[in-house]
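Reader: I am new to this structure and would like a close look at a single part of it. Please take the salt bridges, and say where the paired residues sit and how open they are to the surface.

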Amino acid sequence: GGAVGVATIDAALFALLGLLIAFTFSGAAARFEGRRDLIRDEANAIGTAYLRVDLINPATQPVLRQNFRDYVDARLAVYANVTDPVATRAAVARAGRLQAELWSNAVSGAAATQGSQATILLLPAINAMFDMATTRMVAAQAHPPRVIYLMLGFLALACSMTAGFGMANGNRKREWLHVMAFSTSIALTLYVIIDLEYPRIGLFTITHADQILVDVRNTMDAPPR
């Protein structure tokens, strides 16, 4: 009876660990893909807004185009070195200042343009571009509560302990292959979960997706049509 009870507890612990890993891994993978998609969305929003600069008075376009170039450079700098919090905060502050300057010049340019096309099309596109920057910032800070990771660590240790007792019960020979397979699989799984949650550092990153925004920035160096 006692052995059956212990086996039931062991099964429950392993089931709980598996369930928690499954949910945590699924959430980390979804957030990883979501953050990568947001880079694409911001690049599209910036590209759309930049094209609509053509709608305003030609005399006001050069200054606004330069504002766009400076703003995109600042946005790229925000995520260029996330391991340096001082540089990251400075880049965020600079992007905020450039946002205000770009918006002010866009409003002035729209006011100096005949008709309402600039106001109707350009200003909402710029506003959407700014909204995407905020959305990316919020998404970058979205992580599960730390208690989830504490629970994962605790359950992994508890399952390791119960598995060790089960293997040692009445058996003097240690099954090193099973020990290494269990410990390695659990450690690698937890590593991948944490690595996906912080996609700017580690093995799996989304830095390659920044090339989309770099490509948009490069198009801004081309002479205006």
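Author: What follows goes through the salt bridges, beginning with a pair that involves Arg136.

The model is predicted, and it holds twelve salt bridges. As general background, side chains of opposite charge can pair when their charged atoms come close.

One of the pairs is made by Arg136 and Glu42, whose side chains meet with an N to O distance of 2.6 Å. This pair links distant parts of the chain: Arg136 belongs to helix 4 and Glu42 to helix 1, and 94 residues separate them. Helix 4 covers residues 117-140, while helix 1 covers residues 2-51. Is each partner buried or exposed? Arg136 counts as buried because its relative accessible area is 5%, under the cut-off of 20%. Glu42 is buried as well, because its relative accessibility is 0%. The two side chains also make a polar contact, again at 2.6 Å.

The surroundings of Arg136 can be listed too. Leaving aside residues up to four places away in sequence, Arg136 touches Leu38, Ile39, Glu42, Arg75, Tyr79, Arg200, Asp210 and Leu213. The salt-bridge partner Glu42 is therefore one of several residues in contact with this buried arginine.

Another pair stays within one helix. Glu33 and Arg36 both lie in helix 1, three residues apart, which is about one turn of the helix. Their side chains meet in a salt bridge of 2.4 Å, N to O. Glu33 is partly exposed because its relative accessibility is 36%, and Arg36 is partly exposed because its value is 25%. Both values fall in the range between 20% and 50% that defines this class.

Arg40 and Asp41 form a further salt bridge, with 3.1 Å from N to O. Here Asp41 is partly exposed, at 26% relative accessible area, and Arg40 is also partly exposed, at 39%.

Salt bridges also join into a network, which links Arg69, Asp73, Arg217 and Asp221.

For contrast, here is a part of the surface without charged side chains. Val82, Ile194, Tyr198 and Ile201 form a nonpolar patch there, with about 320 Å² of accessible area together. Tyr198 sits in the loop between helix 6 (176-197) and helix 7 (210-219). Tyr198 is classed as partly exposed because its relative accessible area is 38%.

To sum up the pairs described, Arg136 and Glu42 are both buried, whereas Glu33 and Arg36 are partly exposed, as are Asp41 and Arg40.

Note on methods: Residues are numbered from 1 along each chain as its sequence is written. This is a predicted model: local features need pLDDT of at least 70, side-chain atom pairs count only at pLDDT 80 or more; totals for chains, interfaces and linings use all residues. Side-chain values use heavy atoms; hydrogens and water are left out. Patches are made of residues with over 30% relative accessible area and no salt bridge: like charges are joined within 9 Å, nonpolar side chains (Val, Leu, Ile, Met, Phe, Trp, Tyr) within 5 Å. Accessible areas come from the Shrake-Rupley method with a 1.4 Å probe; for residues, only the protein chains shown count as cover. A salt bridge is a side-chain nitrogen of Lys or Arg within 4 Å of a carboxyl oxygen of Asp or Glu. Helices (H or I, at least four residues) and strands (E, at least two) are DSSP runs, numbered from the N terminus. Buried means under 20% relative accessible area, exposed over 50%, partly exposed in between (1.4 Å probe, protein chains only). A polar contact is a pair of N or O atoms within 3.5 Å; within protein, one must be able to donate a hydrogen and the other to accept it, and residues adjacent in sequence count only if both atoms are side-chain atoms. Contact means heavy atoms within 4.5 Å.
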